[in-house]
Amino acid sequence: MGKRFYIETVGCQMNELDSELVVAALQEAGYEQVFQRQQADIILFNTCSVRQHAEDKIYSALGRLKHLKEQKPGKVIGVLGCMAQKDQELILKRAPHVDLVVGPGQVARLPELLESLARRTGPIMEVSLDRRGQARQKVQASFLNPDRQDRPIVRPVKHQAFVRVMFGCDKFCTYCIVPKVRGPEQSRSPQEILEEVRQLADQGCVEITLLGQTVNSYRWEEPGCTVRLADLLEKVHEVSGIRRIRFVTNYPRDMSRELLEAVRDLPKVCPYLHVPAQSGSNAVLKRMKRGYTVEQYYEMLASIREIVPHAAVTSDFIVGFCGETEEDFEQTVRLVETARFKNSFIFKYSPRPGTKAYELFPDDVPDEVKRRRNNELLAIQNRISLEENQRFIGQTVEVLVEGPSKLAERQSGKTSSSIQLTGRTVCDRIAVFEGPVDLAGQFVKVTIKEVSPVTLFGELSLVKQDVQADRLGAPISA
Ligand code: SAM
Ligand code: SF4
């Protein structure tokens with residue numbers, strides 16, 4: 001078996017982190033990463049199951065590889081992640097040319113599984129235990145932690161990193177496949193998390209994003225005390241070298257006062273709160289089993305506005321969930337209008353086999369109605385996002401430069417010392433501006449000239465060195 005591998009990742013930030021760890025583990029085992037499928041001996045897909053569309057894309061990509069596998073049987077095709085855990089044998093049935101099916105709780109074993117594959121014939125399937133009908137401890141133990149004692153030095157972006165603080169989810173929202181495919185909720189110890197953050201800081205990382213499906217449900221029991229996310233933020237805040245700390249995704253019911261006060265009081269913690277509401281209708285929230293009413297969500301927003309008034313709040317919504325009426329949808333519109341989120345991710349409901357909603361409720365909102373509601377809500381959100389961004393015109397904001405913008409990447413053949421760069425403000429707004437190629441990873445000041453609903457367009461006004469941490473990324477005068 002050859003040693004060049006290619007990996008394609010779809011889905012959330014958890015998947016991005018898992019892929020990063022897979023890449024590091026394979027490189028350490030002597031494999032070489034390539035960036036074109038044709039050059040690879042091993043083709044891996046790290047997959048997502050949250051919506052049908054994400055799965056369809058992988059199945060068609062697998063279909064297109066059938067011919068290649070017939071011509072070159074030595075090539076290895078692997079399906080990793082959530083779809084592997086959800087579909088298991090179905091993948092081998094639908095795509096018999098697949099060699100490896102590896103769930104998210106088993107990806108840490110990938111180098112060893114590739115070795116086994118080379119010594120035998122026939123595919124390998126390694127997945128974690130199903131949550132139904134098994135003891136929690138046993139299921140939990142079958143979801144292996146892919147995080148490691150030593151954070152690999154090889155990372156796609158040097159100055160930014162994801163750090164997982166918890167795995168899995170116990171909320172069981174009726175529409176969602178995550179608790180099934182990512183397993184029981186398990187928090188990592190603060191010691192392990194801090195050690196990882198310190199290593200990242202030593203490697204030059206300045207921005208950390210703490211990850212959890214419901215990151216603010218983080219809970220670690222120690223003799224005599226319970227460590228919650230607010231306490232963890234305080235500890236991470238002490239790590240020198242780290243300049244910005246973010247955390248996603250928040251669960252509305254667990255948005256405590258202590259956490260909001262930590263965001264207010266710890267200057268490195270970004271005032272950016274992603275707290276998905278999913279719907280503005282109590283009837284829908286109840287069928288979704290989200291565990292709060294829209295009134296409670298409004299109260300939570302009021303606490304945010306009281307304690308961290310400058311925070312950028314963002315949300316997710318599902319439109320066309322089972323039984324959603326026009327009146328229910330109008331209530332969602334009202335919530336979006338009232339909350340004035342910085343942005344919202346809006347999804348059409350996608351029934352997921354293996355979830356409670358799939359078993360209990362008919363998917364009775366026609367697709368054209370889902371599409372119309374999606375477009376309507378998106379148009380409203382875009383108008384609000386544009387209005388909120390317009391406040392920044394003429395202001396100077398601090399931006400952590402990420403690298404060339406998409407436009408600059410498309411023009412990568414051109415030789416120029418100045419290119420279009422992209423970066424983010426502390427409130428997670430994307431800023432685009434012209435600047436020297438080598439600014440990636442630095443803090444700069446950008447004066448905003450124009451805006452769109454998703455982007456601030458500006459001019460570089462000051463390159464880091466002396467840029468004071470202008471906390472908040474809220475506008476400061478030029
Ligand atoms: N843990 C996070 C939370 O509680 O909000 C996000 C998990 S999920 C990967 C990201 C988003 O996908 C959810 O917030 C929800 O809006 C959407 N989603 C999940 N299941 C879905 C489904 N069956 N159909 C459409 N959207 C879905
Ligand atoms: Fe899915 Fe709900 Fe858990 Fe988020 S909280 S991952 S939406 S089950």
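**Exercise 1. Find the loop that holds Thr 249, and say what is special about the peptide bond that leads into Thr 249.**

Step 1: Thr 249 sits in the loop between S13 and helix H11 (257–265). Helices here are DSSP runs of H or I with at least four residues, strands are runs of E with at least two, and both are numbered from the N terminus.

Step 2: Look at the bond from Val 248 to Thr 249: this peptide bond is cis, with omega near 0°. Most peptide bonds are trans.

A word on the ground rules before you go on. This is a predicted model, in which local features need pLDDT of at least 70, side-chain atom pairs count only at pLDDT 80 or more, and totals for chains, interfaces and linings use all residues. Residues are numbered from 1 along each chain as its sequence is written, chains are lettered from A and ligands numbered from 1 in the order in which they are written, and side-chain values use heavy atoms, with hydrogens and water left out.

**Exercise 2. Work out whether Arg 246 is buried or exposed, and list its contacts.**

Step 1: Place the residue. Arg 246 belongs to strand S13 (residues 244–248).

Step 2: Apply the cut-offs. Buried means under 20% relative accessible area, exposed means over 50%, and partly exposed lies in between (1.4 Å probe, protein chains only). Arg 246 has a relative accessible area of 5%, so Arg 246 is buried.

Step 3: Collect the contacts (heavy atoms within 4.5 Å). Neighbours within four places in sequence left aside, Arg 246 touches Glu 207, Ile 208, Thr 209, Leu 210, Cys 270, Tyr 272, Arg 424, Thr 425, Val 426, Cys 427 and Asp 428.

**Exercise 3. Describe the backbone and the surroundings of Asp 428, then find the loop of Gln 88.**

Step 1: Asp 428, one of the contacts of Arg 246, lies in the loop between strand S18 (418–424) and strand S19 (430–436).

Step 2: With a relative accessible area of 14%, Asp 428 is buried. Its phi is near 70°, a positive value in a residue other than glycine.

Step 3: Gln 88 also has a positive phi, near 45°. Its loop runs between helix H4 (82–87) and helix H5 (89–94).

Step 4: Compare with the general pattern: most residues other than glycine have a negative phi.

**Exercise 4. Explore the nonpolar cores: which residues touch the most other members of the largest one?**

Step 1: A nonpolar core is a set of buried Ala, Val, Leu, Ile, Met, Phe, Trp, Tyr and Cys residues joined through side-chain atoms within 4.5 Å.

Step 2: The largest core has 57 residues, and Leu 233 and Phe 247 touch the most other members. Helix H13 (residues 294–307) gives the most to this core, with six residues.

Step 3: Zoom in on Leu 233. Beyond its neighbours within four places in sequence, Leu 233 contacts Leu 210, Ile 245, Phe 247, Leu 259, Ala 262, Leu 266 and Val 269.

Step 4: There is also a second, separate core of 21 residues, with Ala 54, Ile 58, Met 83 and Ala 84 among them. In soluble globular proteins, nonpolar side chains tend to be buried together.

**Exercise 5. For Glu 32, Lys 57 and Arg 371, state the element and the exposure, and give a C-alpha distance to a residue elsewhere in the sequence.**

Step 1: Glu 32 lies in strand S2 (residues 32–33) and is partly exposed at 47% relative accessibility. Glu 32 and Arg 4 are 28 residues apart in sequence, with C-alpha atoms 4.7 Å apart.

Step 2: Lys 57 lies in helix H2 (residues 52–64) and is partly exposed at 48%. From Lys 57 to Gln 278 there are 221 residues in sequence and 24 Å in space, C-alpha to C-alpha.

Step 3: Arg 371 lies in helix H16 (residues 367–390) and is partly exposed at 42%. The C-alpha atoms of Arg 371 and Gln 71, 300 residues apart along the chain, are separated by 41 Å.

**Exercise 6. Step back to the whole chain: how many helices and strands are there?**

Step 1: The chain has 17 helices and 21 strands.

Step 2: Buried residues make up 55% of the 478 residues. The C-alpha trace spans about 65 × 55 × 55 Å along its principal axes.
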